[in-house]
Amino acid sequence: MNKITMLLNADDLILSALKEDISSEDVSTNAVMPEKKAGEVDLIAKQDGVIAGLFVFERVFMLLDSKTTVDFFANDGDEVKKGQKLAIVRGDIRVLLSGERTALNFLQRMSGIATYTRSVTNLLASSKTRLLDTRKTTPNNRIFEKYAVRVGGGNNHRYNLSDGVLLKDNHICAAGGVSAAVKMARSYAPFVRKIEVEVETLEQVSEALAAGADIIMLDNMDKETMKKALEIISHKAEVEVSGNVTRENISTLVSLGVDYISSGALTHSSPILDLSLKNLHAL
């Protein structure tokens with residue numbers, strides 16, 4: 001997920017968020033600011049962290065009024081400090097007030113994910129293992145959250161169900177077994193698609209390998225079982241580890257030397273980065 005993809009797809013989602021927050025009018029703003037008046041407000045970091053989503057923050061205000069301008073003093077991916085001024089937003093005060101919450105909601109959420117992801121990728125810095133996100137994202141916010149993972153130094157797994165073949169436990173049950181599932185996927189999917197299989201036992205590891213799986217995902221296995229699985233696979237397929245992976249326990253997995261570790265926590269459990277719009281005044 002890159003910035004160009006974001007720019008092509010973000011507007012409808014941002015507009016939906018604005019419509020959620022302003023169903024007919026902003027009563028509070030219209031009460032205290034009935035007429036247009038130029039003003040500016042500062043974007044301030046209230047915590048240390050990694051910033052992500054600055055252009056989404058800007059786009060919120062520009063969709064309300066294209067004449068709004070934002071001067072940034074940081075870029076996506078920068079590590080920011082508590083108290084640091086990150087931007088000045090200038091425009092109609094009514095727009096600054098009405099867009100504030102939606103703009104901050106996007107920026108805080110994305111920056112929180114980038115901050116948490118950066119802290120996890122730092123733990124993998126000395127290894128060959130790549131950190132992946134999952135589809136455990138907030139509905140209608142996946143494009144923003146997966147972009148934030150990239151900003152934080154992580155990698156995107158498949159974007160959605162149309163983006164790759166991942167045969168999970170219930171697919172295997174539906175097909176009647178690992179071998180059957182892989183065979184059916186190989187027959188149906190375009191030849192350019194890799195086939196990934198989620199396995200929970202050593203027997204399934206052997207079956208997935210024999211069936212020709214390209215990637216084998218070791219799901220919720222203890223470390224000793226994973227070591228045995230790696231011996232069976234013996235570099236004949238790529239290996240992903242998944243299942244309740246968090247910043248607190250990922251260091252125990254680094255020594256395994258697997259190709260990928262995926263963590264739903266990157267998007268479903270990252271706390272927001274506290275940011276604020278302050279010092280609003282007329283020009």
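# Exercises on a predicted model

In this predicted model, Lys3, Thr5, Met6, Asn9, Ala10, Leu13 and Ile14 of helix α1 touch Ile143, Phe144 and Tyr147 of helix α5. Let's start there.

**Exercise 1.** Work out how α1 and α5 pack, and what classes of residue make up their contact.

*Solution.* Begin with the residue classes: the contact of α1 with α5 has 7 nonpolar, 2 polar and 1 charged residues. Next, find the two helices in the chain: α1 covers residues 3-21, and α5 covers residues 142-151. Now look at the geometry. The helices pack at an angle of about 145°, and their axes are 9 Å apart. Last comes the handedness: α1 and α5 make a left-handed crossing.

**Exercise 2.** Lay out the open sheet that contains β6 and β7, and find which strands stand at its edges.

*Solution.* Step one is the order. Reading across the 6 strands gives β6-β11-β10-β9-β8-β7, with parallel pairing. Step two is the edges: β6 (130-132) and β7 (165-167) each have a single partner strand, so one side of each has no neighbour in the sheet. Step three is the twist, which turns neighbouring strands by 25° against each other on average, direction ignored. Then add a helix: α9 (residues 223-233) packs on this sheet and touches β9 and β10, with its direction at about 165° to that of β9. To finish, zoom in on one pair. β7 runs parallel to β8 (residues 195-199), and 3 bridges link the two. Here you can spot Val165 opposite Ile195 in β8.

**Exercise 3.** Do the same for the open sheet of 4 strands, then add the helices that pack on it.

*Solution.* The strand order is β3-β5-β1-β12, and this time the pairing is antiparallel. At the edges you'll find β3 (69-72) and β12 (275-282); each has a single partner strand, so one side of each is left without a neighbour in the sheet. From one strand to the next, the twist averages 20°. Now pick out β1 (residues 38-45) and β5 (residues 85-92): these antiparallel strands are joined by 7 bridges. Within that pairing, Glu40 sits opposite Arg90 in β5. Time for the helices. α3 (residues 54-64) lies across β1, β3, β5 and β12, at about 160° to β3. Helix α4 (residues 93-123) packs on the sheet too, touching β1, β5 and β12, and its direction makes about 165° with that of β12.

**Exercise 4.** Describe the largest pocket: its volume, then its lining.

*Solution.* Take the volume first: the largest pocket holds about 470 Å³ of space. Its lining has 25 residues, and the closest to the pocket's centre are Thr134, Lys136, Lys168, Ser242 and Gly264. Next, sort the lining by class, which gives 5 nonpolar, 12 polar and 8 charged residues. Finally, ask which elements contribute: β9 (215-219), β10 (238-242) and α10 (265-268) each supply at least two lining residues. You've already met β9 and β10 in the parallel sheet of Exercise 2.

Notes
Residues are numbered from 1 along each chain as its sequence is written. This is a predicted model: local features need pLDDT of at least 70, side-chain atom pairs count only at pLDDT 80 or more; totals for chains, interfaces and linings use all residues. Side-chain values use heavy atoms; hydrogens and water are left out. Axes are lines fitted to C-alpha atoms, for helices over the stretch in contact, and angles run from 0 to 180 degrees between N-to-C directions. A crossing is left-handed if the near helix is turned anticlockwise from the far one by less than a right angle, and right-handed if clockwise. Contact means heavy atoms within 4.5 Å. Ala, Val, Leu, Ile, Met, Phe, Trp, Tyr, Cys and Pro count as nonpolar, Asp, Glu, Lys and Arg as charged, and the others, Gly among them, as polar. On a 1 Å grid over the protein atoms alone, a cavity is a set of points where a 1.4 Å probe fits but cannot get out, and a pocket is an open set with protein on both sides within 12 Å along at least five of seven lines; lining residues have an atom within 4 Å of a point. Grid points are joined across faces, edges and corners, and a volume is the space filled by probe spheres set on the points. Two strands pair if DSSP finds at least two bridges between them.
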